[in-house]
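User: Could you take a close look at one part of this model and tell me how it packs against its surroundings? Please spell out the cut-offs behind your terms as you go.

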Amino acid sequence: FFQKTLTAVKNWFTLFGWSKGQNPISIPFSLRRDVCKVQMTSSQEKVFKQNLGKDTKTVYDMLFHLSGQSLPGITSSQSLPLDPVERMLQLHWQHSTLLAFLKSQGAYLPHVLPEFLLEPDDYKKWIKVQTVLKVDVKNSDIFSDKHLFILEDSIFERMSKRAWTDVLLQVYKVFVLPRVSSRHITNLSSSESMQNMPRIKSEPLSSNIYSPCERTILTWLNKHYEKNRKTVWKDCQKGEVPPMRWIVNFDRDLLDGLVLAAQLAAYCPYLIATHFVRMYTNPRTPEQFLHNGLILVNAMHAVSLAIDIKV
């Protein structure tokens, strides 16, 4: 489950997380590696700056693109100290700032510590510094051993991958999902066929599972499915017009592909004759579900909606 989630997150942020087109990422490797655009290097006791190039895109570039805000104290052209320990402490501070910024925007990340976002070697330096140096906790939070987790290499890699995945999921939640607006959803009661359908409330406290933005998307799914089901499958080759349904979740109610097909048909009606009339409107076997999924994915590819979704 976590691997599928990671793959979906990686694909979305690769395609839509950056300005000026796609930028392939790997979780957590490229996110941990690309933390600055200027690197300090030493050669024959002379210190100079090595520009890593304009193509180097950091997680801070991604945040600025999605939120329009820069992290306090962090610039796009900054460099990291040459000393390994100072470099590690600078990165730890940057990750702390990143997490504090996201939490201030509504992200829920109590389980992610800044050291989990470091490279493995930097994490070992962090543990060593924490263990060796005896600093008064009251005077310094950065050396506090209150939440010191000493993890083995393999466990740290799993923890780091999970931490970066959760950070990206929370970035999506606080900066992308709120763009969904109910102002663009017409009144459901305007359709005669939907007057008897239960309403999905958008009030924040009306569900302990889905956010108001997610419930707006459910409303959108209900609207287009009910509006288009008779049009899309009136000439269906593999069944009758599918019955009315109330779409209340994002897993079971979407399994047969019909709801998503109705959404695509609302914007690309020309796909009905070429693809959707061949779907099973009452699928019962795994083969029929697979058949519908294949048609749906082929339809997405036909309109260049290539987001690497597997059937």
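Analyst: K20 sits in the loop between helix 1 and helix 2, where helices (H or I, at least four residues) and strands (E, at least two) are DSSP runs numbered from the N terminus. K20 is not a glycine, yet its phi is positive, at about 60°. With a relative accessible area of 83%, K20 is exposed; exposed means over 50% relative accessible area, buried under 20%, and partly exposed in between, using a 1.4 Å probe and protein chains only. The loop between helix 1 (2–16) and helix 2 (29–33) holds P28 as well, and the peptide bond leading from I27 to P28 is cis, with omega near 5°.

Before going further, a word on what you are looking at: this is a predicted model, in which local features need pLDDT of at least 70 and side-chain atom pairs count only at pLDDT 80 or more, while totals for chains, interfaces and linings use all residues. Residues are numbered from 1 along each chain as its sequence is written, and side-chain values use heavy atoms, with hydrogens and water left out.

For orientation, the chain contains ten helices and three strands, arranged along the sequence as α-α-β-β-α-β-α-α-α-α-α-α-α. Of its 311 residues, 41% are buried. Contact here means heavy atoms within 4.5 Å, and among the contacts with a separation of 6 or more, 61% join residues that are 24 or more positions apart.

The part I would zoom in on is helix 3. Seven of its nine residues are buried, so helix 3 is largely enclosed by the rest of the structure. The buried set consists of V59, Y60, D61, M62, L63, L66 and S67. What do these buried residues of helix 3 pack against? Their partners are helix 1, helix 4 and helix 6.

Two packed helices are described by the angle between their axes and the distance between the axes. Axes are lines fitted to C-alpha atoms, for helices over the stretch in contact, with angles from 0 to 180 degrees between N-to-C directions. Helix 3 (residues 59–67) packs on helix 6 (residues 153–175) at an angle of about 20°, and their axes are 10 Å apart. That makes the two helices roughly parallel, a label for angles under 35 degrees, with over 145 counted as roughly antiparallel, 65 to 115 as roughly perpendicular and the rest as oblique. The crossing of helix 3 with helix 6 is right-handed: the near helix is turned clockwise from the far one by less than a right angle, while anticlockwise would be left-handed.

On the helix 3 side, V59, M62, L63, L66 and S67 take part, and they meet W164, L168, V171 and F175 in helix 6. By class, this contact has eight nonpolar residues, one polar and no charged. Here Ala, Val, Leu, Ile, Met, Phe, Trp, Tyr, Cys and Pro count as nonpolar, Asp, Glu, Lys and Arg as charged, and the others, Gly among them, as polar.

Just past helix 3, G68 adopts a positive phi of about 75°. Next comes a look at L71, in the loop between helix 3 and strand 3 (79–80). L71 is buried, at 6% relative accessible area. Apart from neighbours within four places in sequence, L71 is in contact with Y60, L63, T97, L98 and F101. Its C-alpha lies 8.9 Å from that of Q94, 23 residues away in sequence.

Helix 4 packs on helix 6 too: their axes come within 11 Å and cross at roughly 35°, in a left-handed crossing. H95, L99, F101 and L102 of helix 4 contribute to this contact, together with W164, V167, V171 and F175 of helix 6. The classes here are seven nonpolar, one polar and no charged.

R87 also belongs to helix 4 (residues 84–104) and is partly exposed, at 29% relative accessible area. Beyond four places in sequence, R87 touches L80, P81 and D122. The C-alpha atoms of R87 and D122 are 8.6 Å apart, with their positions 35 residues apart along the chain.

A last note on cysteines: taking a disulfide as a pair of cysteine sulfur atoms within 2.5 Å, the count is zero. C236 is buried at 14% relative accessible area, and C268 is buried at 12%.
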